[in-house]
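Grab a pencil and have a look at the chain below. Work through each exercise yourself before you read its solution.

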Amino acid sequence: MPRYDFRCRSCGATFELRRAMAQANDPAVCPQGHADTTKLLSTVAVTGGSGSAAPQAPAGGGGCCGGGCCG
């Protein structure tokens, strides 16, 4: 289930809720009981686990055969 970040406009608390995507924009109550909250935009970082660089395309001269012979 996705997590959504919220901020309370009354006390300034930031909190997250796990809820179904269909409920993503439903109102949320902060842990202190305030109802004046707003959903924050989230960013997602996707990183590789190997730590290696992304694969590179092989060097070539272009053209129909990739060898550069077709001027």
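**Exercise 1.** In this predicted model, which side chain of opposite charge is nearest to the buried Arg19, and how far away is it?

*Solution.* Start by finding Arg19: look in the loop between strand 2 (14-18) and strand 3 (37-39). Next, search for a partner of opposite charge. The nearest one is Asp26, at 5.2 Å. A salt bridge needs the charged atoms within 4 Å, so Arg19 ends up buried with no salt bridge.

**Exercise 2.** Find which backbone oxygens the side chain of Arg19 reaches.

*Solution.* Step one: go to Gln23, whose backbone oxygen is 3.0 Å from the Arg19 side chain. Step two: move on to Pro27, where the backbone oxygen lies 3.4 Å from that side chain. Step three: check the wider surroundings, skipping residues up to four places away in sequence. Arg19 then touches Met1, Pro2, Tyr4, Phe6, Ala24, Asp26, Pro27 and Ala28.

**Exercise 3.** List the residues of the largest nonpolar core, and say which element gives the largest share.

*Solution.* First, the list: Tyr4, Phe6, Cys8, Phe15, Ala24, Ala28 and Cys30, 7 residues in total. Then sort them by element: strand 1 (residues 3-8) provides the largest share, with 3 residues. Such a grouping fits a broader trend: in soluble globular proteins, nonpolar side chains tend to be buried together. Now pick one core member, Ala24, and leave out its neighbours within four places in sequence. Its contacts are Tyr4, Phe6, Arg19 and Lys39, which takes you back to the arginine from the exercises above.

**Exercise 4.** How many disulfides does the chain have, and why is Cys30 not bonded to Cys8?

*Solution.* Begin with the cut-off: two cysteine sulfurs must be within 2.5 Å. Now try Cys30. Its closest cysteine sulfur belongs to Cys8, at 3.7 Å, so that pair is too far apart for a bond. Try Cys11 next: the nearest cysteine sulfur is again in Cys8, 3.6 Å away, and Cys11 is in no disulfide. The count is 0. As for their settings, Cys30 is buried, at 4% relative accessible area, whereas Cys11 is partly exposed, at 40%.

**Exercise 5.** Sum up the fold: how many helices and strands are there, and what percentage of residues is buried?

*Solution.* Count the elements: 0 helices and 3 strands. Reading along the sequence gives β-β-β. Last, check burial: of the 71 residues in the chain, 13% are buried.

Definitions and conventions:
Residues are numbered from 1 along each chain as its sequence is written. This is a predicted model: local features need pLDDT of at least 70, side-chain atom pairs count only at pLDDT 80 or more; totals for chains, interfaces and linings use all residues. Side-chain values use heavy atoms; hydrogens and water are left out. A nonpolar core is a set of buried Ala, Val, Leu, Ile, Met, Phe, Trp, Tyr and Cys residues joined through side-chain atoms within 4.5 Å. Buried means under 20% relative accessible area, exposed over 50%, partly exposed in between (1.4 Å probe, protein chains only). Helices (H or I, at least four residues) and strands (E, at least two) are DSSP runs, numbered from the N terminus. Contact means heavy atoms within 4.5 Å. Lys and Arg count as positive and Asp and Glu as negative; His and the chain ends are not counted. A polar contact is a pair of N or O atoms within 3.5 Å; within protein, one must be able to donate a hydrogen and the other to accept it, and residues adjacent in sequence count only if both atoms are side-chain atoms.
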